[in-house]
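Here are a few notes to help you find your way around this one. Have the structure open and follow along point by point.

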Amino acid sequence: DVYYQEAGTMRFVPRACLVDLEPGIMDVIKASPMGGLFKPDNMCFGASGAGNNWAKGHYTLGSEVIDETMDIIRKNVESCDQLQGFQLSHSIGGGTGSGFGTLCLEKLKDEYPDRINCAWSIYPTQKVSDVVVEPYNAILS
């Protein structure tokens, strides 16, 4: 009941809002064997990615989809009996995870100030990183 809601007799759907600023990742998720688990109404995506740019994810492209994202979250909150908080999983090296991720956290704190926000952040590392701006995105996050 915490992480799933019953959508039918013995059919459970994750309480998740999947967000990305580029549509390609959502297409991959929908086509995967696990894609049928998620409600298509709980998926939100932009027209193009943030291109590893924190500012694009936070201000320009992020501002275009934040209202739709918060509507999806609000609908999920309204279906809860006892909402305790939110969990956000994001990578803070790229533009979407860092810029849009921090925008989501700000909006969640504004709209639900008495709820817990728990962020599972994946940090960039110089051993694996191939993008030079990842440390900057992480600091801005």
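1. A word on terms before we start: helices here are DSSP runs of H or I with at least four residues, strands are runs of E with at least two, and both are numbered from the N terminus. Counted that way, the protein has four helices and six strands. Keep in mind that this is a predicted model.

2. Walk along the sequence and you'll meet the elements in the order β-β-β-α-β-α-β-α-β-α.

3. On overall shape, the C-alpha atoms fill a box of roughly 50 × 35 × 30 Å along the principal axes. The radius of gyration is 16 Å, which agrees with the value near 14 Å for a compact globule of 141 residues. Among contacts with a separation of 6 or more, 68% link residues 24 or more positions apart.

4. Now look inside: 35% of the 141 residues are buried. The largest nonpolar core has 17 residues, and I73, F86 and F100 touch the most other members. Helices α2 (54–78) and α3 (95–111) each supply at least two residues of this core, with α2 giving the most, seven.

5. What does I73 contact, leaving aside its neighbours within four places in sequence? The partners are C17, F86, L108 and Y112.

6. Outside, the accessible surface comes to about 8,900 Å², and 55% of that belongs to carbon and sulfur atoms. There's a nonpolar patch on the surface too, formed by V2, Y3, Y4, M10 and F12, with about 590 Å² of accessible area together.

7. One member of that patch, F12, sits in strand β2 (residues 11–14). F12 counts as partly exposed because its relative accessible area is 39%, between the 20% and 50% cut-offs.

Definitions and conventions:
Residues numbered from 1 in each chain as written. Predicted model: local features only at pLDDT ≥ 70, side-chain atom pairs only at ≥ 80, totals over all residues. Heavy atoms only, no water. Patch = residues over 30% accessible without salt bridge, like charges linked within 9 Å, V, L, I, M, F, W, Y side chains within 5 Å. Areas by Shrake-Rupley, 256 points an atom, 1.4 Å probe, with all protein chains shown as cover. Salt bridge = Lys/Arg side-chain N within 4 Å of Asp/Glu carboxyl O. Buried < 20%, exposed > 50% of the residue type's maximum accessible area, 1.4 Å probe, protein only. Core = buried A, V, L, I, M, F, W, Y, C linked by side-chain atoms within 4.5 Å. Contact = heavy atoms within 4.5 Å. Rg over C-alpha atoms; globule rule 2.2 N^0.38 Å.
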